[in-house]
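Please read the points below alongside the sequence and the coordinates. They go through selected helices, loops and cysteines in turn.

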Amino acid sequence: MSSSQDLLQTYSLSPAMARVLGIPLQPTGQPLPDNMAGAVEEQVIAKMEQNGLPEGVTLEQFVDEATAMALPRAAITAYQTSSQKALYDHDFRVQLGLGVCHMLSGQSEAAKAFFQQAKRILPDEPAPYTNLLQLLLQQGHLAQARQLIEEALAQVPNHMPLWECIRQVLQETSEGNLAEAIQRLAERHDSWLGQMLAAELKDLEPLTRLKICQEFYDQGERDPQFLMEYTARLGMVADYEAIPRVIAAAKSGQGQLPWQLLAHELEAYLAMEDTAAALTALDRMRGRQDLPDAAHQYLNEVASELTHH
């Protein structure tokens, strides 16, 4: 084994990368330093050009791992040298990953083609639209970007990264007030998120922002992300009693709610100084398996305060 391969064994490579290089997987090794990524990528490319992907490593797995490790040329080479790449023409993850890798490699037109194919496969997934908008914006193709915005919002009206891209495009193309342009677009596509973004840009009063949410709630909007926004707005105007009612109704109609929504319920009980209900909400949150460390720390602090109340 070469000295470079001996050195690589001290780092934690992804499973597919380790298989390609023919070295043991070291899940507890050190993270690969940025200054070694280029050299590793060259070794991986050389191996694949000679042998292709090893048995047991799929193109989908390799593209996922290469994209995550920011080794775009390796992913592109794996696709170009694969004898089975036609099997992945309708694989969303592969097409999206290859689009990202071509974009990172500065191959904009190829990236567009992969993003367009990903969009055709799953037209209601936002990632192809956001990446395409970024490319069109970089290239100054603003008219095409405006057309794509309409197509994207018809499929995905409430996705924050998409609206951030839309905001950038409208900053370049809108004449006059940006907030008004965003609001018109949001109203045309019935987007609560777009309307809240417009309200933020206009710096509207809390009650006015709550009214926007209330209208969408009354129309039947129950997406968990929307409910987090709605209950947050209720809290900002001190309508704490309404928050548990909204969450109770959501529990009866949906599966597991986001832990952040349950945190709003807990905070409402704390604001109302309802200790018994707060303790019950606290216990519910502690039973969740998806809480980040910061949330556990917050719950411990709340528990300590309630215990000594």
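Is D203 buried or exposed?

1. The model is a predicted one. In it, D203 counts as exposed, at 60% relative accessibility. The residue lies in the loop that joins α12 (192-202) to α13 (206-218). Its phi is positive, about 55°, although D203 is not a glycine.

2. A second non-glycine residue should be checked for its backbone. A70 has a positive phi of about 60° and is not a glycine. Its place is the loop between α4 (59-68) and α5 (72-81).

3. The helix that follows A70's loop, α5, is mostly covered, with 7 of its 10 residues buried. These are P72, A74, A75, I76, T77, A78 and Y79. The partners against which the buried residues of α5 pack are α3, α4, α6 (92-104) and α7 (108-121).

4. One of those partners, α3, covers residues 34-51, which makes 18 residues. From first C-alpha to last, α3 reaches 26 Å, close to the 26 Å expected at 1.5 Å a residue. Its buried residues are M36, A37, V40, E41, V44, I45 and M48; a glutamate, E41, is among them. After α3 comes G52, with a positive phi near 75°.

5. Next, the cysteines. How many disulfides does a search of the whole structure find? The search returns 0. For C165, the closest cysteine sulfur is that of C101, and the separation of 18 Å is too far for a bond, because a disulfide requires the two sulfur atoms to be within 2.5 Å. C165 is buried, at a relative accessible area of 6%. C213 is also buried, at 1% relative accessibility.

6. Two helix pairs deserve a look, and the general description applies to both: packed helices are described by the angle between their axes and the distance between the axes. For α14 (residues 224-236) and α15 (residues 242-253), the axes come within 9 Å and cross at roughly 165°. The two helices are therefore roughly antiparallel to each other, since angles over 145 degrees count as such. Their crossing is right-handed. On the α14 side, L227, Y230, T231, L234 and G235 take part, and they meet A242, I243, V246, I247 and A250 of α15.

7. The other pair is α17 (residues 275-286) with α18 (residues 293-307), whose axes come within 11 Å and cross at roughly 150°. α17 and α18 are therefore roughly antiparallel to each other as well. α17 passes α18 in a left-handed crossing. The contact involves T275, A278, L279, L282, M285 and R286 from α17, together with L299, N300, V302, A303 and L306 from α18.

8. Finally, L261 in helix α16 (residues 259-271). L261 is buried, with a relative accessible area of 0%. Which residues is L261 in contact with, leaving aside its neighbours within four places in sequence? They are L227, M228, T231 and I247. Of these, L227 and T231 also appear on the α14 side of the α14 and α15 contact, and I247 on the α15 side. The C-alpha of L261 is separated by 9.5 Å from that of I243, a residue 18 places away along the chain.

Conventions. Residues numbered from 1 in each chain as written. Predicted model: local features only at pLDDT ≥ 70, side-chain atom pairs only at ≥ 80, totals over all residues. Heavy atoms only, no water. Helix = DSSP H or I, 4+ residues; strand = E, 2+ residues; numbered from the N terminus. Expected span 1.5 Å × (residues − 1). Buried < 20%, exposed > 50% of the residue type's maximum accessible area, 1.4 Å probe, protein only. Axes fitted to C-alpha atoms, helices over the stretch in contact; angles between N-to-C directions. Parallel < 35°, antiparallel > 145°, perpendicular 65-115°, else oblique. Left-handed = near helix turned anticlockwise from the far one by under 90°. Contact = heavy atoms within 4.5 Å.
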